[in-house]
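The following note is offered to a colleague who has asked for comments on this entry. Its points take up internal cavities, an open pocket, one helix and the chain as a whole.

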Amino acid sequence: MTAPNGPLADELLTSWYARQRRSRRGRTLSAPKAVRDSKGDWRHPDIRPTRAWLRATADSLDVSASHLFEHSIGRQYPALPLDFLTWLYQPHPADYAEYIATPRLDISWCSRCLAEGFANGEPAYIRRQWVLAASGFCHRHHWPLEDRCNACGSLDWRFAAPARGPLRMICNACWRPLERASVSTLDAEKAARVCWDHVIAFEQQLMGAMAGKTPDQFRFNFTSASQLLEQVRDICSLLTRAPLGHDCWGCRTRAIGLNDIACDAMTPGRRGDRFLSYDAPSPLATASPLLRRCLLAAAYAIVDPDPGTSAALFGPDAPLAIDIFVSGMNRELLDSYPAGTRHWSPTFIRQFGAAKQRKMSRSTIVRYQMSFALNAAFA
């Protein structure tokens, strides 16, 4: 429900606030930002706004404080972990003295949403879904999210009011509007649509889990909402982790599991892209939309017990995604997972164990073949 002066139904609070500031030319409203509460925890105005900010904003803009609270991300997704949001600067504990930047969400957008709004004479605004790390696509248009200008590649943008027409999102580098669609994405749409729809269906399951809903039990048997999120978090971390010998601080390599299981449909116009290793425990939180789509596609194929998902994303002749995933893990990691992951569902633990057994069987066969070949050579 949308109040006359309040945010739109799916709008971020700070997006609505920015539009109000622009209409008043910023003369009476200061920009909202994250602050620490009495316990030292960060309170972001989009996620868990403080009562003081809600009251002050409600009084200034003639909107109910309770109505604003209902639009907060924390209210809409009560089970949402902070690392399932997209961050430009992530929140850290108060005793993390080396990191002083104020937490700030990283914004992506759907060019089709912006173009549709402009065509209808509606102001541009930021949707809540665009800051969720479990989302690499717009679910309204089934279209990849973007974080840079399609004309010049700049990441810098702002709201701007043109001489005619509604408020728009404009690139600060080339001054072009951000509703321009990527040519490479348009060219790839027809061939990639099936893969996109598969991943979007998985994103919807994750978003339901962030709202506290139990995942589809026909697909994810005996898996709770928190278990599904934990599995995706762990898989994404393992897919981007540097192998042994490359895991020193500052070392980055392309020899990571994700590059063995990347779906080309997730990177339209950039076929064969190879990603660098991540040292962050939650790569989804700071990944670009491009990397996020690849991680979510791989995680879906690994978690989903249906072999048809791997075939749909990676081709009919591709091995099971979970087998590729396990094959790329070193012995130490294989021994530690899932022993130390009691938050995984029993179904996925069984899938993981079966993939480990298949890897061991393949290794035994290879050793036997090599031994037989050596004996034959010296006979």
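**Note on cavities, pocket and fold**

1. In this predicted model, the count of cavities of 30 Å³ or more comes to 4. The largest cavity has a volume of about 80 Å³. Its lining is made up of 14 residues, and those closest to the cavity centre are Leu114, Phe118, Glu122, Pro123 and Ala124.

2. Two elements, α5 (111–119) and β8 (168–171), each give two or more residues to the lining of the largest cavity. Helix α5 supplies the largest share, with 4 residues. By class, this lining holds 9 nonpolar residues, 1 polar residue and 4 charged residues. I would ask that any figure of the largest cavity show both α5 and β8, given their part in the lining.

3. The largest pocket has a volume of about 920 Å³. It is lined by 33 residues, of which Thr14, Arg104, Leu105, Ile107 and Trp157 are the closest to its centre. The elements giving two or more residues to this lining are helix α1 (13–23) and the strands β4 (104–105) and β7 (157–160).

4. Which element gives the largest share of the lining of the largest pocket? That share comes from α1, which contributes 6 residues. The pocket lining as a whole divides into 17 nonpolar, 7 polar and 9 charged residues.

5. Helix α9 merits a separate remark. It covers residues 289–303, 15 residues in total, and spans 21 Å from its first C-alpha to its last, close to the 21 Å expected at 1.5 Å a residue. As to its surroundings, α9 is mostly covered, with 15 of its 15 residues buried. In an α-helix there are 3.6 residues a turn, so residues three or four places apart point the same way. In α9, burial extends to 15 of 15 residues.

6. On the scale of the whole chain, the model contains 13 helices and 8 strands. Of the 379 residues in the protein chain, 46% are buried. Among contacts with a separation of 6 or more, 64% are between residues 24 or more positions apart.

7. Finally, the accessible surface of the protein chain comes to about 19,400 Å². Carbon and sulfur atoms account for 53% of that surface. As the model is predicted, I would ask that the text present these values as computed from a prediction.

Key
Residues are numbered from 1 along each chain as its sequence is written. This is a predicted model: local features need pLDDT of at least 70, side-chain atom pairs count only at pLDDT 80 or more; totals for chains, interfaces and linings use all residues. Side-chain values use heavy atoms; hydrogens and water are left out. On a 1 Å grid over the protein atoms alone, a cavity is a set of points where a 1.4 Å probe fits but cannot get out, and a pocket is an open set with protein on both sides within 12 Å along at least five of seven lines; lining residues have an atom within 4 Å of a point. Grid points are joined across faces, edges and corners, and a volume is the space filled by probe spheres set on the points. Ala, Val, Leu, Ile, Met, Phe, Trp, Tyr, Cys and Pro count as nonpolar, Asp, Glu, Lys and Arg as charged, and the others, Gly among them, as polar. The expected span of a helix is 1.5 Å times one less than its number of residues. Buried means under 20% relative accessible area, exposed over 50%, partly exposed in between (1.4 Å probe, protein chains only). Contact means heavy atoms within 4.5 Å. Accessible areas come from the Shrake-Rupley method with a 1.4 Å probe; for residues, only the protein chains shown count as cover.
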